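Open the model in your viewer and keep the selection tool at hand. This tour goes from one helix to the next.

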Amino acid sequence: MDLTSQELARLRLAPGLDLLWETALSLHLLQNRQAPLVFGAWRREVGAALRRSGLVSVTRALTRLCPDGSYFPDFLTPGRGDADLDTGLDRLLSTPRRRLRAELTRLHAHTGRPVPAGGNPLADGCPRALNRLGSALRAYHQVAVEPYLPAMRAQAAADRAVRADAVLSHGAEGLFQGYDHLPGWRYEEGRLRAPYPVERELSLGGRALTLVPAFFCVRAPLALVDEALPPVLVHPLSPAPGWLERARRDSHAPAAQLIGASRAELLRMLDRPMSTMEIAAALRLAPSTASRHATVLREAGLLLSRRQGVRVLHHRTLLGRAVLEGALT
């Protein structure tokens, strides 16, 4: 990518993470198994959470729409790091029908899968199909991305501070020179070279480029395929191995000190209601021990237990969530 002095002057650094980009890239990581030292623990944890939440088939459908390959539809990532999840989903669901059809046709051509018999309701802009997609993305995001946002945002904030300092010290070119530590990245004399997944020359045509940091981006940058759209360059934040363990230890330390490590972990798991037997299996505890922990937490007001048929399901309360997140001391 070549940048003119005008394009360098118009560079924009996104204020933070873009949650739909993170959602799409996390789906890629579940498929490609890249960076096992960095994301292996996350994959195992998310895989278990998706099974507990009954979202395996939903996630499988999303990976067909967002495959890890040379192409996935641009309409899945409409933001530039400046929108929350609700705003991003609203933009996605407002995609014009012509664009939906063009991008989904291109997806089928890349994957070699036939267009569904009877047409494609999503490509036709069917409101019901679009709403199902929005609900699926939201449900997946709540399990695979949302629990990790504190660590992700801390990494993005640290990266932003470094790049802001580079701009103050070296001007706009300092933003790109800061990528030189990444394998295959090189910036010199107005030209950025990076290990893009396919051979490509990104042309800005005088437009402002937005640099979007991405936690789940590994090594290679990404950009929108349709060059008529506002240009973005998604770049990796490169978290260090062990980030999940450190984040879990740091975020749950106050709760663990207050109620004990096992009970803090039990509370963390209750993103959905769970039975005593499910808790015991997940924590590798005897059922009697899991029941005793649940009783202590219930008496403290941190969870509620309700009978559903022959099972008793445990729900985390708002007070339990506050204690877990360190909002209370």
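Select helices H3 and H7: they cross in a right-handed way (the near helix is turned clockwise from the far one by less than a right angle; anticlockwise would be left-handed). This is a predicted model, where local features need pLDDT of at least 70, side-chain atom pairs count only at pLDDT 80 or more, and totals for chains, interfaces and linings use all residues. Residues are numbered from 1 along each chain as its sequence is written, and side-chain values use heavy atoms, without hydrogens and water.

H3 spans residues 36-52 and packs against H7 at about 130°, with the axes 9 Å apart. That angle makes H3 oblique to H7 (neither under 35 degrees, nor over 145, nor 65 to 115).

Now show the side chains. From H3, Trp42, Val46, Ala49 and Leu50 meet Tyr140, Val143 and Ala144 of H7 (contact: heavy atoms within 4.5 Å). By class, this contact has seven nonpolar, no polar and no charged residues.

Stay on H7 and pick histidine 141. Is histidine 141 buried or exposed? Histidine 141 counts as buried because its relative accessibility is 1% (buried is under 20% relative accessible area, exposed over 50%, partly exposed in between, with a 1.4 Å probe and protein chains only). Beyond neighbours within four places in sequence, histidine 141 touches Leu19, Thr23, Leu85, Glu146, Pro147 and Leu149.

Next, select helix H5, residues 85-93. Its buried residues are Leu85, Gly88, Leu89 and Leu92. Look down the axis of H5: these residues fall within an arc of 95°, so they line one face of the helix. Their cover includes helix H2 (19-32) and helix H7 (127-144).

Terms used:
Helix = DSSP H or I, 4+ residues; strand = E, 2+ residues; numbered from the N terminus. Arc of directions from axis to C-beta. Axes fitted to C-alpha atoms, helices over the stretch in contact; angles between N-to-C directions. Nonpolar A, V, L, I, M, F, W, Y, C, P; charged D, E, K, R; others polar.
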